[in-house]
Amino acid sequence: MSLEGKTIVITGATSGVGEAGAKALAHLGGRIIIVARNREKGDALIEALTAINPHQAHKVHYADLSKLAEMKRVGADIAAHEPRIDILINNAGAVYMKREETIDGLERTFATNHMAYFVITNALIDTLNSTGAARIISTASMAHRMGGPIDFDDLQSRKTYRTMTAYGRSKLANILFTQELARRFRDIDVIATSFHPGFVDSGFARNNGVFADIAMSAGRLFGLSISAEKGADTMVWLATCAENEMTNGAYYDRRKLGDLAAFAKDDAAAQRLWDESARIAS
């Protein structure tokens, strides 16, 4: 499918899978709007996107997507300036070795990896619907298996914090959010999906210093990691494939329906997560 004339919003696009996906979608004719935190990286990516596709007015919005006020502000700004949005790609994400709490009192992994998806999607849902045949694609992960079911009694990991448990549960939240999004908005002209990019050799988790560098180096050494371009393949496919090739609310891995843990198919948990997220965002 050609993306000529289509507007695509991507969060977390200045490195890794997001950057590779943004460039691939620009090559296909899309106009790319990115949400970035780092101005130097954001400006550099817009320059690169313009070189790839100079016929589109690519744009960057700056925001710290760990802060609720920033999520709401950037979502409102995009909605106010964009009369149409064909594709929203929720891709911003991070992992933290130690528990960090945001200005809103949220655990930072939960805030960045889940609440940013929730707040920005809800800010843009009317525009997506009015555009028609729109898509919402959220970067999840097979790591959703690592944290077990979401602990609603300790949603902010105050009692116990383990890095990969927090990260795994945030990726589980992406999957449950996508399922509930598809259920709640099943009567509008928007399809929501999530996907697993793979173990990508990128800048992801480099904020954690030596540990992350060792993990990434080991991935390269043993051939476990893949390039950002390969990691973005399913993202790009979900943005461009025919509508009848995908299922609303589904999770994908290498362009096929992915294998979900049993607790990632829990409708009650998905509904409760949505309600809790709405309460937090209010």
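Which accessibility class does lysine 6 fall into, buried, partly exposed or exposed? With a relative accessibility of 24%, lysine 6 counts as partly exposed. The legends below describe close-up views of a predicted model.

**View 1. Confidence along the chain of the predicted model.** The mean pLDDT of the protein chain is 93, and 92% of the residues score at least 70. Over residues 205-223, pLDDT stays under 50, and the model has 24 contacts beyond four places in sequence for this segment. Where pLDDT is low, the predicted coordinates should not be read in detail.

**View 2. Strand β2 and its enclosure.** Six of the six residues of β2 (residues 31-36) are buried, so the strand is largely enclosed by the rest of the structure. In a regular strand the side chains alternate between the two faces of the sheet. On one side of β2 lie Arg31, Ile33 and Val35, on the other Ile32, Ile34 and Ala36, and all are buried, so that both faces of the strand are covered.

**View 3. Parallel pairing of β2 with β1 and β3.** Strand β1 (residues 7-11) pairs with β2 in the parallel sense over five bridges. Isoleucine 8 has isoleucine 32 of β2 as its bridge partner. Between these two strands the chain passes through helix α1 (residues 16-27), and the resulting β-α-β crossover is right-handed. Strand β3 (residues 59-62) also runs parallel to β2, joined to it by four bridges. Here alanine 36 stands opposite tyrosine 62 of β3. Together with helix α2 (residues 39-52), β2 and β3 make a right-handed β-α-β unit.

**View 4. The largest nonpolar core and the surroundings of leucine 65.** In soluble globular proteins, nonpolar side chains tend to be buried together. The largest nonpolar core has 47 residues, of which Leu65, Met115, Leu124, Leu128, Ile136 and Ile150 touch the most other members. Elements giving two or more residues to this core include β2, α3 (68-81), α4 (108-131) and β5 (134-139). The largest share, eleven residues, comes from α4. Leaving aside residues up to four places away in sequence, leucine 65 touches Thr11, Val35, Met71, Val74, Ala92, Ala111, Thr112, Ala116 and Ile120. A second, separate core of 33 residues includes Ala36, Ile137, Val236 and Ala239.

**View 5. The salt bridge between aspartate 86 and lysine 6.** The closest N and O atoms of this pair are 3.9 Å apart. Aspartate 86 lies in the loop between α3 and β4 (87-90), whereas lysine 6 lies in the segment before β1, 80 residues apart, so the pair links distant parts of the chain. Aspartate 86 is buried at a relative accessible area of 3%, whereas lysine 6 is partly exposed.

**View 6. A salt bridge within helix α1.** Lysine 23 and glutamate 19 form a salt bridge whose closest N and O atoms are 3.0 Å apart. The two residues are separated by about one helical turn, because they are four residues apart in α1. Lysine 23 is partly exposed, with a relative accessible area of 28%, and glutamate 19 counts as partly exposed at 25% relative accessibility.

**View 7. The salt bridge between arginine 145 and aspartate 259, and a salt-bridge network.** The structure holds 17 salt bridges. In the one between arginine 145 and aspartate 259, the closest N and O atoms are 3.0 Å apart. This pair links distant parts of the chain, with arginine 145 in the loop between β5 and α5 and aspartate 259 in the loop between β8 (256-257) and α9, 114 residues apart. Arginine 145 is partly exposed at 37% relative accessible area, whereas aspartate 259 counts as exposed at 58%. Glu180, Arg183, Arg184 and Asp275 are linked in a network of salt bridges.

Methods: Residues numbered from 1 in each chain as written. Heavy atoms only, no water. pLDDT = per-residue confidence, 0-100. Contact = heavy atoms within 4.5 Å. Buried < 20%, exposed > 50% of the residue type's maximum accessible area, 1.4 Å probe, protein only. Pairing = 2+ DSSP bridges. Right-handed = clockwise from strand over helix to strand, strands pointing away. Core = buried A, V, L, I, M, F, W, Y, C linked by side-chain atoms within 4.5 Å. Salt bridge = Lys/Arg side-chain N within 4 Å of Asp/Glu carboxyl O.
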